[in-house]
Amino acid sequence: MGAAYYLSNISPSDGGDLRVTSCTRCIRTSVCASSCSPSLNRCKLLIAILIKLDSKGPVFYRQERVTEGGRKFMILKFRSMVVGAEKEGEVRPATDKDPRITHVGRIIRPIRFDEIPQLINVLKGDMSLVGP
C-alpha cells in the first residue's frame, strides 16, 4: 500500500509504561493530525461536495468498531458506497466492479481518501496513526 497510513488501535507493547506510551502516542498523534489537517481542508471539502453531487445520502459513513480492549466506538469515513450497501447487517467485501461503489467511491477508495475523516477518531483518542 505504499506510503499510505493505516489507522489502528494500539496499546503498550511488552508491558511498557502505560503513561509514557499514552503521552508519546498523544504527542505524535497531535503533531501529525494538526500538521495534516490544514493542508487537507480543501481536499475534504471537495470530496464532501462530490459525494453529495454524486449520490443521495449522507457524506459520512459511520460504523461501530471495537478496540483490542473491547471498548466500542463509531468509526467515521467518507461514504464511498450507496446507502444501504449492507442491508440487514449482511457484510460483503467489495469487489473491483462492485455495483454498490459510487462514482466518487471508485476514485477515493483506491487512494484511501475515504479514510481521511478517521483523523477525527484519532483526535478523540479512539484510534492511533500507524504507518511506515
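This is a short talk about a predicted model of one protein chain.

Okay, hi everyone. Let's begin with the overall layout. The chain has 132 residues, and 30% of them count as buried. Its secondary structure adds up to three helices and four strands. If you walk along the sequence, the pattern you meet is β-α-β-β-α-α-β. As for the outside, the accessible surface is about 9,000 Å², and carbon and sulfur atoms own 60% of that.

How much of the contact list comes from residues far apart in sequence? Take the contacts with a separation of 6 or more: residues 24 or more positions apart account for 56% of them. Keep that in mind, as a few such pairs come up later.

Now, how far can we trust the picture? The mean pLDDT of the chain is 77, and 67% of the residues reach 70 or more. Which element has the lowest confidence, and which the highest? Strand β1, residues 6–8, sits at the bottom with a mean of 41, while helix α2, residues 103–108, is at the top with 95. Over residues 1–18, pLDDT stays under 50, and for that stretch the model has 35 contacts beyond four places in sequence. Where pLDDT is low, predicted coordinates shouldn't be read in detail. I'll leave that start alone and move on.

Next up, helix α1. It covers residues 18–54, and L46 is in it. L46 also belongs to a nonpolar surface patch of about 500 Å², together with L45, I49, L50 and L53. Is L46 itself buried or exposed, or in between? It counts as partly exposed, because its relative accessibility is 49% and the exposed label needs over 50%.

On to the hairpin. Strand β2 is residues 60–66 and strand β3 is residues 72–78, and the two pair antiparallel over seven bridges. To pick out one pairing, R65 has F73 in β3 as its bridge partner. Between the two strands of this hairpin there are five residues, and in that turn G70 has a positive phi of about 90 degrees.

Right after that comes the loop between β3 and α2, and I want to show you two residues there. One is M81, which is found in that loop. It's buried, because its relative accessibility is 14% and the cut-off for buried is under 20%. What does M81 touch, leaving out residues up to four places away in sequence? The list is A94, D98, R100, I101, T102 and R109. There's also R106: its C-alpha atom is 9.0 Å from that of M81, with their positions 25 residues apart along the chain.

The other residue is T102, and it lies in the loop between β3 and α2 as well. At 7% relative accessibility, T102 counts as buried. Its contacts, again without residues up to four places away, are D54, S55, R79, S80, M81 and V82. So M81 appears on the list for T102, and T102 appears on the list for M81.

Last topic: salt bridges. The count comes to four, and I'll go through some of them. The side chains of R71 and D126 meet at 3.3 Å, N to O. Why does this pair link distant parts of the sequence? R71 is in the loop between β2 and β3, and D126 is in the loop between α3 (118–124) and β4 (128–130), so the pair ties together parts 55 residues apart. R71 is partly exposed at 40% relative accessibility, whereas D126 is buried at 10%.

D126 has another partner: K124, at 3.8 Å, N to O. K124 is exposed, with a relative accessible area of 58%. Through these shared partners, salt bridges join R71, K124 and D126 into one network.

Then there's E115 with K77, whose side chains meet in a salt bridge at 4.0 Å, N to O. E115 lies in the loop between α2 and α3 and K77 in strand β3, so this pair ties together parts that are 38 residues apart in sequence. E115 is buried, with a relative accessible area of 18%, and K77 counts as buried too, at 16%.

If you'd like something to find on the screen, look for β3: it pairs with β2, and it also holds K77, the salt-bridge partner of E115. Thanks, that's me done.

Definitions and conventions:
Residues numbered from 1 in each chain as written. Predicted model: local features only at pLDDT ≥ 70, side-chain atom pairs only at ≥ 80, totals over all residues. Heavy atoms only, no water. Patch = residues over 30% accessible without salt bridge, like charges linked within 9 Å, V, L, I, M, F, W, Y side chains within 5 Å. Areas by Shrake-Rupley, 256 points an atom, 1.4 Å probe, with all protein chains shown as cover. Buried < 20%, exposed > 50% of the residue type's maximum accessible area, 1.4 Å probe, protein only. Contact = heavy atoms within 4.5 Å. Pairing = 2+ DSSP bridges. pLDDT = per-residue confidence, 0-100.
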